[in-house]
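The following note sets out several points for consideration alongside the coordinates. Please read each point with the structure open.

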Amino acid sequence: MSDLLDLRIYKLDKEYHGNSLFICREDFIPFSFGGNKARKCYYFLQEILNEEPDYVVSYGSSSSNHCRIVANICAKYNIKCVIISPKEKSKETFNRDFMTLFGAKIIKSPVNEVSKTIDTVINELKSKGKKVYFIPGGGHNDIGTFSYVDFIRRLDEFKKKNKMTVDYIFFPSGTGTTHAGLIIGNSMYGNKSKVIGISIARKSDYGRRVILESISEYLKNNKLNIKIESKECIFIDDHIGGGYGEPVKGVYDIIDDVMKKYGVPMDPTYTGKAFWGMERYVTENLIEGKNILFIHTGGTPLFFDYLGKKREV
Ligand SMILES: *Cc1c(COP(=O)(O)O)cnc(C)c1O
């Protein structure tokens, strides 16, 4: 039987601006529409099952795939779930509908008071004698990082088995957890692919700093004696538009094209921005004759938000 987290890699196009294009369908991870948050949550779940908390508390906007999956896991294992959510990012979305369906309690807070609200909620629960398991927004900690270190181990096996090479890896980079994991994994497993994260929200200076911090924290906590140069962290911020969840010119066309040409759903917040960013990077840097891997990090419900909006226009 195949492993839940096996990599689902397919050739998408043998003529992609003179390259071969492969796609890793993280959205095919068979739980709650998959995605990188499903991969991360698989490892959080191992801890949750060990610790048997009364409550799982996490954080994210109404479009958060992470919160959907956390709420789904809690529903499955009958654990109470509290999601703290920024007031400013609370539009109606399918992910929010799912959180409600899964019975998560949503607490809205002004974005600048979020960490205070999280502390208050956790302290209140603890004072009532409840056991709480906290997952940072987006699964941004060492467990989240580990899930993509392990991704590279799996990629290494996949490449050997299929006698293939991967020259470039592109993906949407948000909190930087996935990005940090891929860079560490590259070093640990001697993987030579160039890892290029397309920022979906953060400017390069801040985004890179957070990724590099995640890397050094992971290496320190796991006592790994690996040297990672900061130049290995390639974080492109040309496609963030107005920031998280804000559209960028060109992305809608890319989403429509990718759906028509490849039958793959993407969304304007994450994968659409990244695919667009990859397209620009490959053409502007005249990359040719290479094997390119795009990691489809999930977000299928956001694709349907997008499709629904099109109907209204
Ligand atoms: C969260 C998310 C990302 C960003 O992942 P990080 O590890 O936070 O950088 C990318 N794509 C999708 C679909 C996501 O839900």
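1. Strand pairing on one side of β8. The model under discussion is predicted. In β9, Ile234 serves as the bridge partner of Ile196. This pair belongs to the parallel pairing of β8 with strand β9 (residues 234–236), which extends over three bridges. Between these two strands the chain passes through helix α7 (residues 204–221), and the resulting β-α-β crossover is right-handed.

2. Strand pairing with β7. Strand β7 (residues 168–173) also runs parallel to β8, and six bridges join the two. Within this pairing, Pro172 has Ile198 of β8 as its bridge partner. Helix α6 (residues 177–189) completes a right-handed β-α-β unit with β7 and β8. Strand β8 itself spans residues 194–199 and is mostly covered, with five of its six residues buried.

3. The approach to β8. Ser193 sits in the loop between α6 and β8. Why does Ser193 count as buried? The cut-off for burial is under 20% relative accessible area, and Ser193 counts as buried because its relative accessibility is 4%. Ser193 and Asp167 are 26 residues apart in sequence, yet their C-alpha atoms are 4.5 Å apart in space.

4. Ligand surroundings. Which residues come nearest to the ligand? Of the 14 residues around the ligand, these are Lys37, Gly174, Thr175, Thr178 and Thr297. Thr297 places a polar side-chain atom 2.6 Å from a nitrogen atom of the ligand. Two further contacts involve ligand oxygen: an N or O atom in the side chain of Lys40 is 2.7 Å from an oxygen atom of the ligand, and a polar side-chain atom of Asn65 lies 2.7 Å from an oxygen atom of the ligand. The protein buries 97% of the 380 Å² that the ligand exposes when taken alone.

5. A second buried serine. Ser62 is found in the loop between β3 (55–59) and α2 (65–77). With a relative accessibility of 0%, Ser62 counts as buried. A polar atom of the Ser62 side chain lies 2.7 Å from the backbone oxygen of Lys91.

6. Helix α5 and its ends. Helix α5 (residues 142–161) comprises 20 residues, and the distance from its first C-alpha to its last is 29 Å, close to the 28 Å expected at 1.5 Å a residue. The helix is mostly covered, since 14 of its 20 residues are buried. At the N-terminal end of α5, Asn141 acts as a cap, with a side-chain oxygen 3.0 Å from the backbone nitrogen of Ile143. Just after α5, Lys163 adopts a positive phi of about 45 degrees.

7. Helix α8. Helix α8 (residues 251–262) has twelve residues and reaches 16 Å from its first C-alpha to its last, close to the 16 Å expected at 1.5 Å a residue. Which residues of α8 are buried? They are Val251, Ile254, Ile255, Asp256, Val258 and Tyr262. Gly263 follows α8 and has a positive phi, near 70 degrees.

Definitions and conventions. Residues numbered from 1 in each chain as written. Predicted model: local features only at pLDDT ≥ 70, side-chain atom pairs only at ≥ 80, totals over all residues. Heavy atoms only, no water. Buried < 20%, exposed > 50% of the residue type's maximum accessible area, 1.4 Å probe, protein only. Helix = DSSP H or I, 4+ residues; strand = E, 2+ residues; numbered from the N terminus. Pairing = 2+ DSSP bridges. Right-handed = clockwise from strand over helix to strand, strands pointing away. Near = heavy atom within 4 Å. Polar contact = N/O pair within 3.5 Å; in protein donor to acceptor, adjacent residues only side chain to side chain. Areas by Shrake-Rupley, 256 points an atom, 1.4 Å probe, with all protein chains shown as cover. Expected span 1.5 Å × (residues − 1).
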